[in-house]
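Reader: Could you take me through this model and say, for each label you use, what it rests on?

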Amino acid sequence: MSARDQFFNSDGGTAGIGLGIEIGESSTSQVGRGVYNATTVPMTNASSWRNGQTNTATKTTPTAIATTTASQLVAVKQTPLESVAEDEEDLDQMDALSNLPPRDAVDIEFRDLSLTVKLGFNRGEKEILHNVCGKFPGGQLIAIMGPSGAGKSTLLDALSGFKTTGVDGSILLNGRRRDLPSFRRMSCYITQDDRLQPLLTVSENMHIAADLKLGENVTYEEKERRIEDILLLLGLYDHDQTLTMRLSGGQKKRLSIAMELINNPTVMFLDEPTTGLDSSSCTKVLELLKRLTSQGRTIICTIHQPTAKLFQIFDQVYVLSAGNCVYQGGTQKMVPFLHSVELPCPMYHNPADYIIELACGEYGFDKIDTLKSASENGSCLTWFNDPGSVLRAETLMRKHPIPRRKKNVSMENTSFMNQCSVLLRRGYIKARRDTTMTHLRIIVNIAVAVLYGAMYDRSGREGSRVLDNYNLLFAILMHHSMTTMMLTVLTFPIEMTILIKEHFNRWYSLKAYYFALTLIDLPITLLSTLLFTVIIYLWSYQPLEWVRFWMFFAISLLIVFVGQSIGLIIGAWFDVVNGTFLAPVLTIPMMMFAGFGVTLRDLPSYLKWGSHISHLRYGLEGFIAAIYGLNRGTLACDEAPYCHYRYPKKFLEEITMRGDQFWKDIIALCVMMFIFRLGAYIVLKAKIKSIR
Ligand SMILES: Nc1ncnc2c1ncn2[C@@H]1O[C@H](COP(=O)(O)OP(=O)(O)O)[C@@H](O)[C@H]1O
Ligand SMILES: [Mg+2]
């Protein structure tokens, strides 16, 4: 019996080692079988992850197995004691699994599905999926395979409803046309990159997910129980106090799955859940998914190039080549299929590798056409594991009642208030641990204030140093506007990727997110600005009057808010590289229009409008009003024999500012802040829409 036969004829739940270890029909075949038995364990035994331990079998890679000699095998074989311990662990895991309520399986079918993307202005369009068909029976683990660029992620995006623009064709659920809002309520999408909050522990991430995804009606005990169950099931229980950023790749992937499992979705889409993981983590992730399907969940994942061992974990595969379907059917039927189209899989070859080589065109592009027509671009059901049991759409329709229509139900599971309070809690935990946004920001504010203080010591009271003081005011303005803007531009794009995932998976509405984002930053902004203002105000000997101090502080604060809002607009729309370029480039004209280099009087008449839209102009005018306005008296003149600007009025005339415009400046800055904040929200919304 060849290893291929062993592979496809493996009975019961026994997982076969793949074809990379093909053993001939000579006398070594007995050893081969020995390898097979000793290194493979039934599916339920293969995933003892609790306590972060892996059994010997799952750690052994096919290559290692191939070189294992018969004598080594004896050592590998488990002692009865070990298997008893493992059995107990498995029992625990099965218990954990049984606490997740089973789901009614959902059949997914798509017909003539095509997806077109716009290539940009005047560049036309490009069709990525070309009228593909397919059927994914409920309760199965389905792999979408294909070479890189074949359209796997695109198909997943279209099926999950993540992409809606440019999608043509029909997608049926249990025979009925997909109703996207209700489908989104029963499904989840786990992206290829793990978009997790790095500064939260596993447990905190899970609790936040539970509070956002389960309604307030679910009791604390119930939430706790679910979290415990899922963490046990996914082998993360012992790492629940670990910060997410310190988790390994496989653990991050499992945490991504764990967080979506909380509200027990019926259909799960995963984009390349195994890419970047070592072979043992891959096996763990896939075996977990396989177990989840046994409860009625339909799990569809894209996979790049699975090993033979991973390949046979799947129930069904769907192979894409340049946007066309080249095979659809059971994993075990792929070799017979290839045989039927006279493209037999060579000996010593993993069929998964072989079909991908075919799909790449390595054996000629005519082969792709042969495969495409043999699989009827996904319509052919002949190669399904049990073609007789595949139900037609009409039968499925009759079998499943029409779902009740829910009116005016929001996409999110919990109320706006709950979303805000959970997001605020998460924001608070993050802010406490965030070295950049919190610690560094406060330190930078103190450090810059000290530096400016040392540089402009006493410049506020001296008549001979009025110009120095004027420079200081402008420097403060730039500091407030640039630091927060750049911080936001640099950090928000990362936050944005998490937002897109969580928002699509209906954790919270954009409104709640934005509200929490605005609110959570307030205390840090207030504190850092206050610290800065106190240090610089006192050190540079600005007039010691409360009213002037608060005026100065108010302008500083508003400038920070405006800068931050501009940063948000840029950060929401552009990536870090473009944002980092754009933010300073946009600030320079604002600086020019501020009235600092060229006075407002001397601005050419056709550029006067610029000073009305420059927040820095209002900021500078506000500072001047706070320091030199309110009819400030004559300044001291101790350091020089002659002080040209001893009389503030003279200085104000020189810089063409009146010093009584404070309230106008405050109103202008408030209006700007409001407009930019609203603008950032609109940009955020548009960005999310444009991606879909
Ligand atoms: N927005 C887009 N604009 C242009 N081409 C795109 C766009 N999205 C995807 N593509 C192209 O479509 C093909 C399929 O992409 P994708 O589904 O990501 O492939 P994969 O199978 O590797 O997941 C690739 O050639 C990719 O370059
Ligand atoms: Mg992809």
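Author: What follows sets the values against their definitions, turn by turn. This is a predicted model, in which local features need pLDDT of at least 70, side-chain atom pairs count only at pLDDT 80 or more, and totals for chains, interfaces and linings use all residues. Residues are numbered from 1 along each chain as its sequence is written, while chains are lettered from A and ligands numbered from 1 in the order in which they are written.

Reader: What pLDDT does the protein average, and what share of the residues score at least 70?

Author: The protein averages a pLDDT (the predictor's confidence in each residue, from 0 to 100) of 83, and 85% of the residues score at least 70. Over residues 1-95, however, the pLDDT is below 50, although this stretch has 132 contacts in the model beyond near neighbours in sequence; two residues are in contact if their C-beta atoms, placed from the backbone, lie within 7 Å. Where pLDDT is low, the predicted coordinates should not be read in detail.

Reader: Why is isoleucine 368 called partly exposed?

Author: A residue is buried if 20 or more other C-beta atoms, placed from the backbone, lie within 10 Å of its own, exposed if 12 or fewer, and partly exposed in between. Isoleucine 368 has 18 other C-beta atoms within 10 Å, and is therefore partly exposed. Isoleucine 368 sits in helix α16 (residues 365-374), where helices are DSSP runs of H or I with at least four residues, numbered from the N terminus.

Reader: Which residues does isoleucine 368 touch, not counting those up to four places away in sequence?

Author: Those residues are Ser321, Val326, Leu358, Ala359 and Gly361. Serine 321 is 47 residues from isoleucine 368 in sequence, yet the two are 7.5 Å apart in space, C-alpha to C-alpha.

Reader: Why is the largest nonpolar core said to lie between domain 1 and domain 2?

Author: A nonpolar core is a set of buried Ala, Val, Leu, Ile, Met, Phe, Trp, Tyr and Cys residues joined through C-beta atoms within 7 Å. Of the 149 residues in the largest such core, Ala258 and Val319 touch the most other members. Helix α22 (residues 546-573) gives the largest share of this core, 13 residues. Domain 1 (97-399) and domain 2 (416-691) both contribute residues to this core, so it lies between them; the domain bounds come from an automatic or database domain assignment.

Reader: And what is alanine 258 in contact with, leaving aside its neighbours within four places in sequence?

Author: Alanine 258 is in contact with Met206, Ile230, Leu231, Leu234 and Leu236.

Terms used
Helices (H or I, at least four residues) and strands (E, at least two) are DSSP runs, numbered from the N terminus.
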